[in-house]
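Me: I am new to this structure and would like to be taken through it by questions and answers. Please reason through each reply before giving the value or name requested.

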Amino acid sequence: AVAIGPDREAAARQLSSSMSIPAEDLLSSPFAFIGTLDQLEAQIFRLRDSLGISYYTISQRHAEPLLPLIERITGR
């Protein structure tokens, strides 16, 4: 799940209703990126450091919205 915007909790609640997953689970999931680009960048590096995740596969429908994030973190 991907939702880029300034209100992380509101976006999680909206995704929660469409996915039938509790918002709290989405906010803590390594498979959901919800929040501002700064928050998503911090999440990626946190997951890399804590879980050893070094790459993600991004679906075509999320590629364009995540492009600014990908450009920010490439090579880091």
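The questions below concern a predicted model, and they pass from its pocket to its surface and its salt bridges.

Me: What is the volume of the largest pocket?

Reply: Rolling a probe the size of a water molecule over the atoms shows where empty space is left. For the largest pocket in this predicted model, the computed volume is about 440 Å³.

Me: Which residues are the closest to the centre of the largest pocket?

Reply: The lining of the largest pocket is made up of 21 residues. Those closest to the centre of the pocket are F33, I44, Y55, Y56 and I58.

Me: Which helix gives the most residues to the lining of the largest pocket?

Reply: Two helices, α3 (37-51) and α4 (60-73), each supply at least two residues of this lining. The greatest contribution is five residues, and the helix that makes it is α4.

Me: How many residues of the lining of the largest pocket are nonpolar?

Reply: The lining residues fall into three classes. Two of them are charged and five are polar. The nonpolar residues number 14.

Me: Is L67 buried, partly exposed or exposed?

Reply: L67 is found in helix α4. Its relative accessibility is 42%. Buried requires under 20% and exposed over 50%, so L67, at 42%, counts as partly exposed.

Me: How much accessible area does the nonpolar surface patch that includes L67 have?

Reply: L67 is joined in this patch by Y56, I58 and I70. I70 also lies in helix α4, and at 31% relative accessibility it counts as partly exposed. Together, the four residues of the patch have an accessible area of about 290 Å².

Me: How far apart in space are I70 and F45, C-alpha to C-alpha?

Reply: Along the sequence, I70 and F45 are 25 residues apart. In space, their C-alpha atoms are separated by 12 Å.

Me: Which residue has a positive phi of about 55° although it is not a glycine?

Reply: The residue lies in the loop between α1 (8-19) and α2 (23-28). It is exposed, with a relative accessible area of 68%. The residue with this phi is S20.

Me: How many salt bridges are found in the whole structure?

Reply: Side chains of opposite charge can pair when their charged atoms come close. A search of the whole structure for salt bridges gives a total of four.

Me: How far apart are the closest N and O atoms in the salt bridge of R72 with E41?

Reply: R72 lies in helix α4 and E41 in helix α3, so this salt bridge ties together parts that are 31 residues apart in sequence. R72 counts as partly exposed at 32% relative accessibility, whereas E41 is buried, with a relative accessible area of 12%. The closest N and O atoms of the pair are 2.8 Å apart.

Me: Which residue in the segment after α4 is tied to E41?

Reply: The side chain of E41 meets that of the partner in a salt bridge of 2.5 Å, N to O. E41 lies in helix α3 and the partner in the segment after α4, so the pair ties together parts that are 35 residues apart in sequence. The partner is exposed, with a relative accessible area of 52%. The residue is R76.

Me: With which residue does R48 form a salt bridge?

Reply: R48 counts as partly exposed, at 33% relative accessibility. The closest N and O atoms of its salt bridge are 3.3 Å apart. The partner lies in helix α3 and counts as exposed, at 60% relative accessibility. That partner is D49.

Me: Which residues do salt bridges that share partners join into one network?

Reply: E41 has a salt bridge with R72 and another with R76. The network also takes in D38. Its members are therefore D38, E41, R72 and R76.

Me: Is E64 buried or exposed?

Reply: E64 is found in helix α4. Its relative accessibility is 67%. The cut-off for exposed is over 50%, so E64, at 67%, counts as exposed.

Me: What distance separates the C-alpha atoms of E64 and S16?

Reply: E64 and S16 are 48 residues apart along the chain. The separation of their C-alpha atoms is 22 Å.

Note on methods. Residues are numbered from 1 along each chain as its sequence is written. This is a predicted model: local features need pLDDT of at least 70, side-chain atom pairs count only at pLDDT 80 or more; totals for chains, interfaces and linings use all residues. Side-chain values use heavy atoms; hydrogens and water are left out. On a 1 Å grid over the protein atoms alone, a cavity is a set of points where a 1.4 Å probe fits but cannot get out, and a pocket is an open set with protein on both sides within 12 Å along at least five of seven lines; lining residues have an atom within 4 Å of a point. Grid points are joined across faces, edges and corners, and a volume is the space filled by probe spheres set on the points. Helices (H or I, at least four residues) and strands (E, at least two) are DSSP runs, numbered from the N terminus. Ala, Val, Leu, Ile, Met, Phe, Trp, Tyr, Cys and Pro count as nonpolar, Asp, Glu, Lys and Arg as charged, and the others, Gly among them, as polar. Buried means under 20% relative accessible area, exposed over 50%, partly exposed in between (1.4 Å probe, protein chains only). Patches are made of residues with over 30% relative accessible area and no salt bridge: like charges are joined within 9 Å, nonpolar side chains (Val, Leu, Ile, Met, Phe, Trp, Tyr) within 5 Å. Accessible areas come from the Shrake-Rupley method with a 1.4 Å probe; for residues, only the protein chains shown count as cover.
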